[in-house]
Amino acid sequence: MPTQTEVLTKLFSFFEAQKISYAVLGNCHQLPEQIPSDIDFAINPPDLSRVFRELRKFCHIHHIRLTQIIQHEQTAWYVVLSWQDNIGQLRFLQPDICGDYFQFGRQVLSAQTLLENRQKYLDPSGFKKMFYVPPPAISFIYYLLKKITKGRLTADQCTFLSEEWQKDPDGAYAQCLQYWPCHLVEVIAHSAVQNEWNTFSHRLPVFRETLHQYGFQFNHVMKEFKRKLTRIISPTGLHIALLGPDGSGKSTLASAITETLTPAFRGSQIWHLWPYQSHSGSNASPNVMPHSQAPRSGFSSLVKLVYWWVIFTVGYFHKVWPSKISSRLIVFDRYFDDLLIDPIRYRYGGPLRLAQWVGRFIPKPDLLFILDAPVNTLHSRKKEVLASEATRQRTAYRNLCHDQNHCFLIDTSLPLEAALSQIQDIILEFLEIRISRQYQSPQTDQTSRQQSLKDFLTFQP
């Protein structure tokens with residue numbers, strides 16, 4: 001399978017072949033040999049309507065997954081491509097595609113400006129590379145606007161701005177005058193010429209505030225509202241839970257999942273059991289005798305059950321749902337279902353049917369993974385419960401998997417890498433199918449896609 005450099009090179013060639021007019025934005029000094037983070041693309045607006053369809057075609061040709069499409073501005077989408085390399089390592093490429101450049105819900109730079117007079121990139125040695133970039137003055141103003149919006153500048157970013165300024169000082173100065181008054185543009189000019197940006201950095205809030213007032217249009221505000229509403233209704237994050245007996249590897253796999261899959265999201269978070277208990281906190285004082293205490297009375301158990309319903313429901317809408325809207329990966333080590341499998345651990349002494357009924361009103365994860373291993377393997381890892389209890393729990397967890405869609409059985413007696421690979425494949429396929437539903441192919445293909453989704457999300461023992 002290809003390296004990141006090979007995929008990016010193929011993507012440049014593919015855009016050319018499909019006649020998609022583009023320019024790579026920002027610091028391109030290391031491209032395509034080194035890809036430090038996401039790659040900003042400006043795309044001609046008429047091509048935006050078909051770029052995702054073409055990206056899906058590109059992924060199909062090269063056996064790559066189109067894993068994420070996150071709209072973070074009115075005409076800007078953060079895209080994630082994923083694949084495994086020759087040694088089985090999961091790799092990602094993150095093109096950030098925009099048409100007109102928006103910030104604060106306002107258009108600050110048009111795609112026409114970004115793409116007009118685009119040119120092949122010349123590296124510092126004068127060698128012409130295969131991809132297109134805007135002319136230096138436009139490259140400068142785009143990068144400056146972006147860094148002002150983010151509110152910070154590193155030394156390397158300052159150097160890049162100065163280099164772009166020196167290529168066309170008059171053009172860069174003229175671009176700055178479109179956004180700030182002369183006295184502020186003089187600050188920029190002095191900083192760029194001297195490559196000394198301390199004064200500029202100290203006045204960043206002033207530049208940001210002035211930019212915030214730029215180009216206000218009511219229709220843009222309404223489109224931005226619509227974009228944010230869509231993100232709320234159809235969040236691009238993912239909520240998963242890992243269940244299984246003691247010794248099945250929940251904590252280890254939770255950490256491995258977030259470590260390897262976070263590049264497909266905007267961040268990650270691990271919770272232990274419920275949304276207000278961090279994974280790190282749970283590891284600080286493990287419960288080595290989970291069955292040592294007697295169950296609570298019926299009334300106390302009922303109070304506990306109500307408390308669980310409140311904390312899971314409120315926690316979901318207070319913690320989990322906002323994280324999904326922010327395109328984060330949320331991993332739970334244990335979940336409400338554990339109460340149904342192992343009520344003694346939680347000292348629940350009430351009717352199990354009542355707990356099952358309450359569980360119907362607990363928000364469900366997008367994907368549920370049951371971690372399974374032979375009892376002797378479980379008992380060799382952890383001896384908190386008797387082997388007979390581990391056997392009972394293992395059977396109960398497997399039965400739980402029969403009763404729920406979106407539930408998958410993972411054999412954790414295999415090496416960690418093998419179990420992790422299974423979970424990665426399921427998550428990435430889920431994300432890929434979710435994108436297929438959002439960006440449907442022609443009508444003739446919709447039935448097969450819906451059937452594929454149904455087959456994928458329905459566990460078959």
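In the predicted model, strand 14 and strand 15 (residues 407-411) run parallel and are joined by five bridges. Within this pairing, I370 of strand 14 has L409 of strand 15 as its bridge partner. Strand 14 also pairs with strand 11 (residues 238-243); these two strands run parallel as well, and four bridges connect them. Here L242 is positioned opposite F369 of strand 14. Strand 14 thus has bridges to strand 11 and to strand 15.

The burial of strand 14 was examined next. Its six residues are six out of six buried, so the strand is largely enclosed by the rest of the structure. Both of its faces are covered. On one side lie L367, F369 and L371, and on the other L368, I370 and D372, each of them buried. The two residues named above as bridge partners, F369 and I370, therefore belong to opposite sides of a strand whose residues are all buried.

D372 is part of strand 14, which spans residues 367-372. Its relative accessibility is 7%, and because the cut-off for a buried residue is under 20%, D372 counts as buried. The side chain of D372 forms a polar contact with the side chain of R394, at 2.7 Å. When neighbours within four places in sequence are set aside, the residues in contact with D372 are R394, R398, L409, I410, D411, T412 and S413. R394 therefore appears both in this contact list and as the polar partner of the D372 side chain, with contact meaning heavy atoms within 4.5 Å. L409, also in contact with D372, is the residue of strand 15 that bridges to I370.

At the level of the whole protein chain, the secondary structure consists of 19 helices and 15 strands. The C-alpha atoms fill a box of roughly 80 × 45 × 40 Å along the principal axes. Of the 461 residues in the chain, 51% are buried. Among contacts with a separation of 6 or more, 71% are between residues 24 or more positions apart.

The protein chain exposes about 21,700 Å², of which carbon and sulfur atoms supply 54%. The chain carries 48 positive and 40 negative charges, and the mean positions of these two sets are 7 Å apart.

Technical notes. Residues are numbered from 1 along each chain as its sequence is written. This is a predicted model: local features need pLDDT of at least 70, side-chain atom pairs count only at pLDDT 80 or more; totals for chains, interfaces and linings use all residues. Side-chain values use heavy atoms; hydrogens and water are left out. Buried means under 20% relative accessible area, exposed over 50%, partly exposed in between (1.4 Å probe, protein chains only). Accessible areas come from the Shrake-Rupley method with a 1.4 Å probe; for residues, only the protein chains shown count as cover. Lys and Arg count as positive and Asp and Glu as negative; His and the chain ends are not counted. The place of a charge is taken as NZ of Lys, CZ of Arg, CG of Asp or CD of Glu. A polar contact is a pair of N or O atoms within 3.5 Å; within protein, one must be able to donate a hydrogen and the other to accept it, and residues adjacent in sequence count only if both atoms are side-chain atoms. Two strands pair if DSSP finds at least two bridges between them.
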